[in-house]
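Hi,

Here is the structure we talked about handing over. Please have a look, then read on for the notes.

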Amino acid sequence: MHMKVAVCDDEPVYRLYLREILARESLVRNLEIEVTEYAGGEALLEAYTRDPLSMDIVLLDILMPGMDGMETAKALRKRGAGCVIVFLTSLEDFARQGYEVRAFRYILKEEADRALGPVLLEAAEEFGPEEYFSFTCDYCTHKVGIKDILYFESRKRLVILQTVKASFSFYQKLDILEEQLSDKGFLRCHRSFLVREKCVRSWKENALWLEDGTELPISRTYEKQVNRRLMLGKG
């Protein structure tokens with residue numbers, strides 16, 4: 001699979017370090033990776049404006065002089081960029097902000113050698129064939145794109161499947177759905193809610209908010225798991 005990866009970091013030595021990791025991972029994981037480098041957000045935005053198809057994945061440093069990584073990510077999204085954004089930084093404090101620009105992952109710089117490979121594989125899945133979730137309702141089988149699902153809500157034996165445009169109901173246990181979708185990017189935040197991670201915009205101790213503004217509760221049982229998964233991702 002061919003992927004165009006843009007590396008944006010103001011430190012030349014670190015850009016070279018990332019290029020070496022990408023070269024290694026391309027061989028180990030059988031990925032064809034085309035790398036471009038940018039020393040700052042302004043240069044990256046200029047390149048994107050010239051050719052919006054030049055970037056599938058952006059490895060973006062947050063702390064840079066001039067336009068920092070968060071400002072760059074916001075500018076990309078305003079321009080309609082659908083590329084996968086992976087933040088690289090030495091500070092964890094920015095992780096929550098990353099969800100506001102639909103960041104795919106957040107990797108600490110010192111963990112790049114270990115974490116970048118798995119993240120590349122997950123990102124590659126974003127460009128693969130669409131996956132569907134199937135369920136039965138009123139004796140009919142329905143299917144919904146995984147990427148269209150916001151969350152599942154359990155109401156006793158009934159499960160409500162909520163998408164951006166519609167909702168569906170069917171009979172199932174949320175525990176079974178959690179197990180079934182364990183490798184599809186869904187996160188249990190409450191005994192009654194199973195949410196798709198990539199839809200989360202922000203969160204705090206007892207609640208999280210989705211991109212459409214929906215607020216879902218976080219129970220004490222799942223608080224640590226939610227914070228760990230959303231803060232550092234699965235990589």
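In strand 2, which residue is the bridge partner of Lys-4? It is Glu-34. Keep in mind that this is a predicted model.

**Strands 1, 2 and 3**

That bridge between Lys-4 and Glu-34 belongs to a longer pairing. Strand 1 covers residues 2-8 and strand 2 covers residues 32-38; the two run parallel and share seven bridges. Cys-8 sits opposite Tyr-38 of strand 2. Between the two strands the chain passes through helix 1 (residues 12-28), and this β-α-β crossover is right-handed.

Strand 1 also pairs with strand 3, again in the parallel sense, over four bridges. Here Val-7 has Leu-59 of strand 3 as its bridge partner. Is strand 1 enclosed or open? Five of its seven residues are buried, so the rest of the structure largely encloses strand 1.

**The cores**

Nonpolar side chains tend to be buried together in soluble globular proteins. Two separate cores turn up in this model.

The largest nonpolar core has 24 residues. Those with the most contacts inside it are Leu-22, Ile-33, Ile-57, Leu-59, Val-86, Leu-116 and Leu-120. Which elements give two or more residues to this core? They are strand 1, helix 1, strand 2, strand 3 (57-61), strand 4 (84-89) and helix 5. Helix 5 supplies the largest share, seven residues.

Leu-59 is a good residue to click on. Setting aside neighbours within four places in sequence, Leu-59 contacts Val-5, Ala-6, Val-7 and Cys-8. The list for Leu-59 also includes Leu-22, Val-86, Leu-88 and Leu-116. Val-7 thus appears twice in these notes: as a contact of Leu-59 and as its bridge partner.

The second core has 23 residues, among them Tyr-38, Leu-44, Met-55 and Cys-83. Tyr-38 is the residue that stands opposite Cys-8.

**Helix 5**

Helix 5 spans residues 112-126 and holds Glu-122. Is Glu-122 buried or exposed? Its relative accessible area is 18%, so Glu-122 counts as buried, the cut-off being under 20%. What does its side chain touch? The side chain of Glu-122 makes a polar contact with the side chain of Arg-105, at 2.7 Å.

**Helix 3**

Helix 3 (residues 69-78) is mostly covered, with seven of its ten residues buried. The buried ones are Gly-69, Met-70, Thr-72, Ala-73, Ala-75, Leu-76 and Arg-77. Look at both ends. At the start of helix 3, a side-chain oxygen of Asp-68 comes to within 3.2 Å of the backbone nitrogen of Met-70. After helix 3 comes Gly-80, with a positive phi near 85 degrees.

**The sheet of strands 13, 14 and 15**

Further along is an open sheet of three strands, in the order 13-14-15, with antiparallel pairing. Strand 13 (200-203) and strand 15 (215-217) are the edge strands; each pairs on one side only. On average, neighbouring strands of this sheet are turned by 30 degrees against each other, direction ignored.

How many bridges join strand 13 and strand 14? Three, with strand 14 covering residues 207-210. One to check on screen is Ser-202, whose bridge partner in strand 14 is Trp-209.

Best wishes

Key. Residues are numbered from 1 along each chain as its sequence is written. This is a predicted model: local features need pLDDT of at least 70, side-chain atom pairs count only at pLDDT 80 or more; totals for chains, interfaces and linings use all residues. Side-chain values use heavy atoms; hydrogens and water are left out. Two strands pair if DSSP finds at least two bridges between them. A crossover is right-handed if, with the strands pointing away from the viewer, the path from the first strand over the helix to the second runs clockwise. Buried means under 20% relative accessible area, exposed over 50%, partly exposed in between (1.4 Å probe, protein chains only). A polar contact is a pair of N or O atoms within 3.5 Å; within protein, one must be able to donate a hydrogen and the other to accept it, and residues adjacent in sequence count only if both atoms are side-chain atoms. Axes are lines fitted to C-alpha atoms, for helices over the stretch in contact, and angles run from 0 to 180 degrees between N-to-C directions. A nonpolar core is a set of buried Ala, Val, Leu, Ile, Met, Phe, Trp, Tyr and Cys residues joined through side-chain atoms within 4.5 Å. Contact means heavy atoms within 4.5 Å.
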